[in-house]
Amino acid sequence: RTAAGSDLQGFVEDMARDCCLPHILLDPAKRKLAGTKTDWVQFCAQQMRLQMLLAGKYMGTVTPENVSANVPGEVIDWEQPMKAITELKPCTAASRGMIKQRLVVDNTLEDVWQVCQDWFVLDRRMFLDRAIWKMIASHTIVEEPETRWEDGDLHCGVRGVADFRPAVDPSFLDLSELVLVMCPQKEDGKLSMVCLSMRLFAPCAWMLSKRGSWLEQLDHHAYFRQDSTAAALVLGKQLERAVNFADLECLIKVTKCAQNAQSTAVPATAPGRRRRAQKEKYAEPRDFRSGRNPKGLNLYVPRRKSNDLSSARPPGAPVRPKRQVLTCEASGELDAFLTQHRPSARESEQICVWRGGENLCDAQDLQGLLDDGARLEKTGSL
């Protein structure tokens with residue numbers, strides 16, 4: 001290897017590190033990880049894959065049991081129901097990943113607190129990820145769901161204190177070693193680094209209420225009611241979003257390298273019973289006699305549905321409507337009709353409004369109808 005090639009490789013490594021790591025961790029990483037075997041290019045590529053899969057809008061109910069450590073106590077009024085909304089934007093070659101957190105009063109839709117931070121993901125089965133985790137573990141606050149169960153279901157908690165749901169079988173996809181790290185964009189004594197653990201649960205869309213919901217919440221619920229939704233991805237104690245089967249398959253592929261690294265780390269001289277237990281796979285995870293669920297814990301296995309149009313159609317092809325059309329003559333009451341039959345409520349696949357020969361441009365809420373239609377088209381609901 002020539003000197004120029006070594007210098008160029010070091011330059012690329014530095015660029016990859018500066019691209020994916022938050023700003024406040026750059027100097028500590030240079031000092032504490034110097035001399036260790038690091039591959040920042042591979043780390044950056046893995047970050048982009050994971051952040052693209054995990055990016056999106058998350059939402060959950062705020063309770064005294066799951067309130068985040070960074071939220072000031074004076075901004076919360078427990079007499080009013082509150083929602084936590086978090087939007088994750090992935091990192092690119094031009095910018096780092098950004099996370100925006102908000103607390104919204106459920107009745108008035110008023111934002112009482114919001115903050116923007118940097119974020120990245122660590123897979124603690126990988127060598128470099130594990131080294132970074134050891135570097136920051138003593139300075140972070142870890143938020144993870146409680147591991148208590150009731151009637152065979154695990155406590156999820158993002159929809160309330162009585163939110164118990166089946167967890168996804170770890171043999172299908174195990175995210176317990178992945179953590180999402182939120183870092184302040186600059187040194188700030190008011191904000192701490194918070195790590196959100198990840199867990200997959202059953203979607204359980206029947207638990208979501210259709211009444212008294214605002215549009216942003218209805219859009220969030222609409223994802224859970226789609227046929228392509230396979231699981232609920234939970235971050236920490238109060239955030240979740242729906243994921244489809246194709247995203248789960250991509251997560252399995254992206255984390256396969258870490259799973260292989262973990263399996264090769266097991267010494268070949270391990271006892272025979274332990275080695276057989278690690279290799280053995282059970283066909284039915286709900287079998288109480290298998291030994292995997294001594295307490296009778298219910299486990300959920302995501303499956304691709306036969307009517308999943310998003311997985312069956314080629315990329316870029318339009319989604320065929322299910323021909324469920326709601327038709328009504330507005331006859332001068334278009335605003336009241338749109339209030340009663342909002343497109344986000346998903347009463348049907350299409351809403352047809354007929355108003356004689358009058359000009360629809362005179363309607364006050366026409367733009368809102370068009371915005372709702374465009375939003376549902378992006379989600380694949382129309």
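What does the pLDDT of the protein average, and what share of the residues score at least 70? The average is 78, and 70% of the residues reach a score of at least 70. Here pLDDT is the predictor's confidence in each residue, from 0 to 100. This is a predicted model: local features need pLDDT of at least 70, side-chain atom pairs count only at pLDDT 80 or more, and totals for chains, interfaces and linings use all residues. Residues are numbered from 1 along each chain as its sequence is written, and side-chain values use heavy atoms, with hydrogens and water left out.

**View 1. The whole protein has 11 helices and 16 strands.** Helices (H or I, at least four residues) and strands (E, at least two) are DSSP runs, numbered from the N terminus. Of the 382 residues, 43% count as buried. Buried means under 20% relative accessible area, exposed over 50%, and partly exposed in between (1.4 Å probe, protein chains only). The accessible surface comes to about 21100 Å². Carbon and sulfur atoms hold 52% of that surface. These areas come from the Shrake-Rupley method with a 1.4 Å probe; for residues, only the protein chains shown count as cover. A contact means heavy atoms within 4.5 Å. Among contacts between residues at least 6 apart in sequence, 65% join residues at least 24 apart.

**View 2. The largest nonpolar core holds 38 residues.** A nonpolar core is a set of buried Ala, Val, Leu, Ile, Met, Phe, Trp, Tyr and Cys residues joined through side-chain atoms within 4.5 Å. Leu 103, Leu 180, Met 198, Leu 200, Leu 233 and Leu 235 touch the most other members. Another core, of 24 residues, lies apart from it. Cys 19, Leu 21, Ala 29 and Ile 132 are among its residues.

**View 3. Met 198 lies in strand E11.** Is Met 198 buried or exposed? Met 198 counts as buried because its relative accessibility is 5%. Not counting residues up to four places away in sequence, Met 198 touches several residues, including Leu 54, Val 121, Leu 180, Leu 233 and Leu 235. Glu 144 is 54 residues from Met 198 in sequence. In space, C-alpha to C-alpha, Met 198 and Glu 144 are 7.4 Å apart.

**View 4. Two residues that are not glycine have a positive phi.** Asp 151 has a phi of about 55°. Its place is in the loop between strand E6 (149-150) and strand E7 (153-155). Asp 151 counts as exposed, at 70% relative accessibility. Cys 204 has a phi of about 50°. Its loop runs between strand E11 (193-201) and helix H5 (215-224). Cys 204 is buried, with a relative accessible area of 14%.

**View 5. Three strands form an open sheet in the order E6-E7-E8.** The pairing is antiparallel. Two strands pair if DSSP finds at least two bridges between them. E6 and strand E8 (164-165) stand at the edges, each with a single partner strand, so one side of each has no neighbour in the sheet. Two bridges join E7 to E8. Leu 154 has Arg 165, in E8, as its bridge partner.

**View 6. Residues 279-291 have pLDDT under 50 throughout.** The model has 14 contacts beyond four places in sequence for this stretch. Over residues 309-321 the pLDDT is also below 50. Beyond near neighbours in sequence, residues 309-321 have nine contacts in the model. Where pLDDT is low, the predicted coordinates should not be read in detail.
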